[in-house]
Amino acid sequence: MNLNRFSFVLSAVSIFALPAAQGLELYNNNKSTLDIEGNLSIYYLRNKDFEEVNDGFSRFYFDFSHKMKNEWQAFAKLEWGVQLSNTDDKIIVNHNGLTSTGPATDSLWVRQGFVGFKHDNYGQLSLGKQWGVSYDVGGVTDWFEIFGAEASGTYNFGTDGGFSGSGRAEQAIQYRYYYQNFSFAGQYLASEDELHTSGENGEELSAILNFNNSFGVSVIYQTPFDIGLGIAYNKAKIKLSANGQSTSKVDDELITAHVTYRPYGSDGLHVAFVYTDMKNHDINDVGKIMSKSRGIELFSAYRFDNDISLILGYNSLKDNSTGEIGSDGTFHKQYYILSAKYHWDEDFYLYIESKIDNSTLAENTTSLAEDATGIGMMFTF
């Protein structure tokens, strides 16, 4: 591997991987290795109506690697989500912690699981449940502790994005290749899944969606000026049944672009901006399909020398539907995020995060469009 490619891989890892310690090495015989890594997070959340102690994005995972002949290497990953504090889900935050079918009822559930092989010169191939290639682009703003990640199209239809392939893709076949400062990726989902959607309170079935023929591609370029540029496209065929009527198959499309400045976790300033254009890719607050929608996410952070980080963010998911099928274009999820962290240690930090909500809902409800503040802590290993 040449120096330029190695530098790019390190940059990509710093952008897309959680800021954690090097992990715990469980086994290493100079040919095969087994490491365990993860993080545990919990926070106190309050708005004008409720207060609760809730789970952050707690998880742990095992990384496997094995050196083979001719400089090939096999690898695998098993990741589980962990529920530390049982709650009744009165305050709806976002979909980052969801399993593929909704809130986890168990204390432990699979977030990722895949196996693959790679070579420095030929790229890598992997199969299983894994982050979709569009998340390479849309995931650069997914760093908030409590809120956020609701406008990039990653966690669509109230899931972890597994069915469409934009989040933790189900039954995914992926190929990735690195060339100098470029990263190329392609993905195909070998699955056909059915998803039932409903309104916020789940009282009435709104739609049934059948997914198949999903694929995605992404390209990322890391410029010499600490600026990253990325674009991704994800497409799935869905068949929609709503109110007892069926439609022909339509395209679920997601186009995502990002601009970043410096890797996440850098001292000083870091900025990430994501823009998405979506067709039939998500639902509004009452469970109706948005035939057209637009998303904007911003994550900006400044880490000072005294180990304090100040963070400013913005999420906007605008429904641009005409109302002929599905939603009527009323819905606009929009809020600002203000946050601060104290990095007591590189493996442990305290945080406070507030959401200032200015959303317009299709239905006059209160659990989505209101301000909230959380205080919590994160331990990584």
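I began with T260, which I located in strand β13 (residues 245-261) of what is a predicted model. Its relative accessible area came out at 4%, so I entered T260 as buried, the limit being under 20%. I then looked up its contacts, leaving aside neighbours within four places in sequence, and found V140, D226, I227, G228, V271 and A272.

Next I turned to the chain as a whole. I counted two helices and 21 strands in its secondary structure. Of the 381 residues in the chain, I found that buried ones make up 50%. I also took the contacts between residues at least 6 apart in sequence, and noted that 60% of them join residues at least 24 apart. For the surface, I recorded about 17700 Å² exposed by the chain, with carbon and sulfur atoms supplying 55% of that area.

Strand β13 came up again when I went through the salt bridges, of which I have 15 in the count. The side chains of K237 and D251 meet in one of them, at 2.8 Å from N to O. I noted that this pair links distant parts of the chain, since K237 lies in strand β12 (residues 227-242) and D251 in strand β13, with their positions 14 residues apart in sequence. I checked the exposure of both partners: K237 has a relative accessible area of 28% and is therefore partly exposed, and D251, at 23% relative accessibility, also counts as partly exposed.

I then looked at R303, which forms a salt bridge with D307, the closest N and O atoms being 3.4 Å apart. Here the two partners fall into separate classes of exposure: R303 is buried, with a relative accessible area of 11%, whereas D307 is partly exposed at 30%. I also recorded a network of salt bridges that links K129, D160, R168 and E170.

K77 took two entries in my notes. Its side chain meets that of E79 in a salt bridge, at 3.9 Å from N to O, and I found both E79 and K77 to be buried. K77 also lies over the face of Y61, at 4.2 Å from the ring centre. I noted a further case of a charge over a ring at Y335, where the charged end of K355 sits 5.3 Å from the centre of the ring.

I closed with the aromatic residues, for which a search of the whole structure gave me 20 pairs. One of these is formed by F60 and F62, whose rings are 6.2 Å apart centre to centre, with 85 degrees between the planes, and I entered the pair as edge-to-face. I looked up F60 separately and found it partly exposed, with a relative accessible area of 21%. For Y342 and W344 I noted ring centres 6.4 Å apart and planes at 40 degrees, so I entered this pair as tilted. Y342 counts as partly exposed at 35% relative accessibility, while W344, at 57%, counts as exposed. My last entry is an aromatic cluster formed by W143, F144, Y264 and F299.

Terms used: Residues are numbered from 1 along each chain as its sequence is written. This is a predicted model: local features need pLDDT of at least 70, side-chain atom pairs count only at pLDDT 80 or more; totals for chains, interfaces and linings use all residues. Side-chain values use heavy atoms; hydrogens and water are left out. Rings of Phe, Tyr and Trp (its six-membered ring) pair if their centres lie within 6.5 Å; planes under 30 degrees apart count as stacked, over 60 as edge-to-face and the rest as tilted. Buried means under 20% relative accessible area, exposed over 50%, partly exposed in between (1.4 Å probe, protein chains only). A charge sits over a ring if NZ of Lys or CZ of Arg is within 6 Å of the ring centre and within 35 degrees of the ring normal. Helices (H or I, at least four residues) and strands (E, at least two) are DSSP runs, numbered from the N terminus. Contact means heavy atoms within 4.5 Å. Accessible areas come from the Shrake-Rupley method with a 1.4 Å probe; for residues, only the protein chains shown count as cover. A salt bridge is a side-chain nitrogen of Lys or Arg within 4 Å of a carboxyl oxygen of Asp or Glu.
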